[in-house]
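Trainee: I'm new to this one. Could you walk me through how to read its pockets and its helix packing?

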Amino acid sequence: MVLLFFVRPLAYKSAVFPLTRCVRSYSAQSMPTYEHLLVSTPKPGVGLITLNRPKALNALSSAVFVDLNDALRKFDADKDIGAMVITGNEKAFAAGADIKEMKDLTFSKAFTEDFIAPWSLQTSQIKKPIISAVNGHALGGGCELAMMADIMYCSATANFGQPEIRLGIIPGAGGSQRLARAIGKSKAMELILTGKSFSGKEAAEWGLAARVFDSAQECVDGAIATAGIIAGYSKVAVKAAKEVVNKSQELGVREGVEYERRVFHGLFGSKDQKIGMSAFASKQKPQWTHE
């Protein structure tokens, strides 16, 4: 197995295990099994997806994304799930794509078959919030996958980068666009044109990551805890909140505020708005119906 990118050594033990502890399932749905993933529900309302190709540093491929997209769709459709977390292991979130799949690809085949487009499914079709919990290497496609999430958490020693330039190509799953929007054109241009990597600490300082943690386990636990908080709110309001924040990346401020206001007005037609405001007024905990 040949990985797309060279990775710098990190101070980890040779054995690599998933960072999630053994927990019982909190979902009413039976958990499917996948070749390249582990799925679980570590706490009520939270769907956890763990990339599981440790010998290949969780290298990404079309087969991996078939599994990943299926797991995302199933959690998105599960009425018991309110938010999702995607993670890897302590050594690698995903250390790039598998060059074996791409090295002999021609332009006509890549173009006509829309190669790599399914890798971005979660950004357009998944309506529930997704948190990426990034530890170890997140390079190339791995960095892009982490950035596709609605919220990114990482450990301080995580290793990010878009080093495609070293192979005579460029990012193909949104790396240039999302990185530039998150950290600015100049810094993104430097990283993409030089292929330099950057740390989890820098990702947080630049605003790419929402939070940075001292250890890999703390990162995953923090992501699951935040997903649990989100899952405890009205699914109607959560879906609307994700939608309007994402629109901010597409619209100007004026158009975005108008769009937000229309969605805000629409929520007054939901049962959960009445439940939430009535509970607040009576100083009680709201019992959401998600309607």
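Mentor: Happy to. Let's begin with the second largest pocket, which holds about 400 Å³ of space. Keep in mind as we go that this is a predicted model.

Trainee: Which residues lie nearest the centre of the second largest pocket, and how many line it?

Mentor: The lining has 18 residues, and Met102, Phe115, Ile116, Ile169 and Ile170 are the ones nearest the centre. By class, the lining splits into 13 nonpolar, 2 polar and 3 charged residues.

Trainee: And which helices each supply at least two residues of that lining?

Mentor: Helix H2, residues 99–102, is one, and H5 is the other. Hang on to H5, as it turns up again in the next pocket: helix H5 covers 141–148 and gives at least two residues to the lining of the largest pocket too.

Trainee: What volume does the largest pocket have?

Mentor: About 1,100 Å³. Its lining counts 35 residues, with Met148, Ala149, Asp150, Asn246 and Gln249 closest to the centre.

Trainee: Where does the largest share of the lining come from?

Mentor: From H10, which brings 9 residues. Besides H10 (235–247) and H5, at least two residues each come from helix H4 (121–125), strand S7 (151–155) and H6. Sorted by class, the lining of the largest pocket has 18 nonpolar, 8 polar and 9 charged residues.

Trainee: Now the helices. What describes two packed helices?

Mentor: Two things: the angle between their axes and the distance between those axes. Try it on H5 and H6, where the axes come within 10 Å and cross at roughly 55°. That angle is why H5 counts as oblique to H6.

Trainee: Is that crossing left-handed or right-handed?

Mentor: H5 passes H6 in a left-handed crossing. On the H5 side you'll find Glu144, Met147 and Met148, and they meet Gly175, Arg178 and Leu179 of H6. Those contact residues divide into 3 nonpolar, 1 polar and 2 charged. Notice Met148 here, since it was also listed among the residues closest to the centre of the largest pocket.

Trainee: What does H6 do with H7: at what angle do they pack, and how far apart are their axes?

Mentor: H6 (residues 175–183) and H7 (residues 185–194) pack at about 140°, with axes 7 Å apart. These two are therefore oblique to each other. The crossing of H6 and H7 is right-handed.

Trainee: Which residues make the contact between H6 and H7?

Mentor: From H6, look for Gly175, Ser176, Leu179, Ala180 and Ile183; their partners in H7 are Lys185, Lys187, Ala188, Leu191 and Ile192. By class that contact has 6 nonpolar, 2 polar and 2 charged residues.

Trainee: One more pair, please. How do the axes of H10 and H11 cross?

Mentor: They cross at roughly 170° and come within 9 Å, with helix H11 spanning residues 253–266. The angle makes H10 roughly antiparallel to H11, because anything over 145 degrees is put in that group.

Trainee: And which residues meet there?

Mentor: Ala240, Glu243, Val244 and Lys247 in H10 meet Tyr259, Glu260 and Val263 in H11. The contact of H10 with H11 has 4 nonpolar and 3 charged residues, and no polar ones.

Definitions and conventions. Residues numbered from 1 in each chain as written. Predicted model: local features only at pLDDT ≥ 70, side-chain atom pairs only at ≥ 80, totals over all residues. Heavy atoms only, no water. Axes fitted to C-alpha atoms, helices over the stretch in contact; angles between N-to-C directions. Helix = DSSP H or I, 4+ residues; strand = E, 2+ residues; numbered from the N terminus. Parallel < 35°, antiparallel > 145°, perpendicular 65-115°, else oblique. Left-handed = near helix turned anticlockwise from the far one by under 90°. Contact = heavy atoms within 4.5 Å. Nonpolar A, V, L, I, M, F, W, Y, C, P; charged D, E, K, R; others polar. 1 Å grid on protein atoms, 1.4 Å probe; cavity = no way out; pocket = protein on both sides within 12 Å on 5 of 7 lines; lining within 4 Å. Points joined across faces, edges and corners; volume = space filled by probe spheres on them.
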